[in-house]
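Let's take a walk through this protein together, one piece at a time. Have the sequence and the 3D view ready, and follow along as we go.

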Amino acid sequence: MITAITNVRVFDGEKVIRPTTVLIEGEQILSVGGEIPEHADIIDAEGGTLLPGLMDAHVHTSVEGLRDALKFGVTTELEMMGGFTQSGREAQLKGIGDIADVRSAGMAVTPPGGHPDELMPGDGEIPDFVLKELEKMSEEDRNAMLAAHAHAHDHGEAPAVTNREEALAFVNEQVREGADYIKIMIEEGTVLAAPGLPVLSQDILRAAVEEAHRHHKIAIAHVLTAESARQAIEVGVEGLAHLFIDRPETTPDLVRMIAEAGAFVTPCLVLNSSIIGNPASELAGDPRVSSKLSPEWIDTLNASFNTYPQGSMEDNYRNVMDLHRAGVDILVGTDVSVPVPSLGGLAHGASVHHEMQLLVEAGFTPVEALQSATSKIARRFGLTDRGTIVEGARADLVLVDGDPAANISDTLSIRGVWQRGIRSN
């Protein structure tokens, strides 16, 4: 069966195309424009805009998280620490429908007692539905997910490394498990109200990154300060999983260093806003959001990390715009994990739309924000089958009312979502 989405404005991943027809057959886009076959199923999308499936380049997820993501037109989540490597996907997701696609780093390279150990609370904070998801997993995958979400009861569950040899072995283990890329942690804790966290030496971090490259995997670093960002670029990572939240006098030199390295940055402005103490209450109050989320997630959106109140969003906006103007690829990501108020201000799917709004507030055009949530992520992570609306691409699509290229908030006015050509709502 061929589906024809007609009279639709198209953002193709790079630019806006005047109203046309997009044909879908099976899992792929058959054509953009052209004649409508005689027996096609026609969807008149007049007044709407068709977008490539949105992506979140930084999550810690679960089956429930993947399900929520798809409700908001996020058809791919990229896990930055967790259990959904290739082996994890085969074990946990086979036969489950109406969820976003997912790729994963597996577990991250971190020292004993290093991040995210400081985020692990005591008993009783994991919501029932998260526990139910965890109960379906093997013990190994469950422990990995708990550590990734920073909500394990036993601090010893998170694997760690102490020297070059262990770093090499650790990276190899992630590759064997089917990790799609490798994550390293450079977090000394100041921004997270936990100063003095142990950080691995540059020599050990460089060994891990070089081992990732030996396996043809890109390496991505968790960094939240300018100094840790500098360290990450020096050891050769392809991307920074966060934006540095501070703005020292050396920021222009750092921006130039990142640009010259060709690295991308996933700023997670929604996270930095939460770290500074801002809840996402306006997002939580939007009926386009509240109608799709559980009360636990609404409560989480209405809370915040609040670990670095001395920070300012103005500095974050300056940092991301300096990088953007320098030609650095900026990717949309959120760092969303589980619905716990201490990790507040974030929710699967919904926060991708919030991130695009904050990028526009910082100074991006709406089209640039849309590129950062689609084609740029696909290109930087080698996901060549998605992120654009072109003939032969995977039919991951979002139909929204209005024109998000003029008003970025229109991305939340979702009329339909397709994944691999199958409409999920």
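**A guided walk from helix to strand to salt bridge**

Helix α9 is a good place to begin: its buried residues are Leu-269, Val-270, Leu-271, Asn-272, Ser-273, Ser-274, Ile-275 and Ile-276. Please keep in mind that you are looking at a predicted model. The helix covers residues 269-276, and because 8 of its 8 residues are buried, α9 is largely enclosed by the rest of the structure. What do the buried residues of α9 pack against? Their partners are α13 and α14. Just after α9 comes Gly-277, with a positive phi near 115°.

Next, find strand β9, which spans residues 182-185. In a regular strand, side chains alternate between the two faces of the sheet. Here Ile-182 and Ile-184 lie on one side, Lys-183 and Met-185 lie on the other, and all of them are buried, leaving both faces of β9 covered. The strand has a parallel neighbour, β10 (residues 219-222), and 4 bridges join the two. If you look across from Lys-183, you will find Ile-220 of β10 standing opposite. Helix α6 (residues 202-214) completes the picture, since β9, α6 and β10 make a right-handed β-α-β unit.

Another strand to visit is β2, home of Thr-20. Is Thr-20 buried or exposed? Its relative accessibility is 18%, so Thr-20 counts as buried. Leaving aside residues up to four places away in sequence, Thr-20 touches Ile-5, Thr-6, Asn-7, Val-8, Val-10, Val-32 and Gly-33.

Now let's turn to charged side chains. Side chains of opposite charge can pair when their charged atoms come close. How many salt bridges does a search of the whole structure find? The total is 24.

One of them joins Arg-420 and Glu-27, with 2.9 Å from N to O. This pair links distant parts of the chain, 393 residues apart: Arg-420 sits in the loop between β14 (414-419) and β15 (422-423), while Glu-27 sits in the loop between β2 (16-25) and β3 (28-32). Arg-420 is partly exposed at 36% relative accessibility, and Glu-27 is partly exposed as well, at 44%.

A salt bridge within a single helix comes next. Asp-322 pairs with Arg-325, and their closest N and O atoms are 4.0 Å apart. Both residues belong to helix α13 (residues 313-325), where they are 3 residues apart, about one turn of the helix. Why does that spacing suit a pair? An α-helix has 3.6 residues a turn, so residues three or four places apart point the same way. Asp-322 is partly exposed, with a relative accessible area of 26%, whereas Arg-325 counts as exposed at 63% relative accessibility.

Arg-380 and Asp-329 form another salt bridge, in which the closest N and O atoms are 3.0 Å apart. Arg-380 lies in helix α16 (residues 375-380) and Asp-329 in the loop between α13 and α14 (350-362), so this pair ties together parts that are 51 residues apart in sequence. Arg-380 and Asp-329 are both buried.

To finish, look for a group of charged residues. Which residues are linked in a network of salt bridges? They are Asp-101, Arg-103, Asp-385, Arg-386, Arg-394 and Asp-396.

Terms used
Residues are numbered from 1 along each chain as its sequence is written. This is a predicted model: local features need pLDDT of at least 70, side-chain atom pairs count only at pLDDT 80 or more; totals for chains, interfaces and linings use all residues. Side-chain values use heavy atoms; hydrogens and water are left out. A salt bridge is a side-chain nitrogen of Lys or Arg within 4 Å of a carboxyl oxygen of Asp or Glu. Buried means under 20% relative accessible area, exposed over 50%, partly exposed in between (1.4 Å probe, protein chains only). Contact means heavy atoms within 4.5 Å. Two strands pair if DSSP finds at least two bridges between them. A crossover is right-handed if, with the strands pointing away from the viewer, the path from the first strand over the helix to the second runs clockwise.
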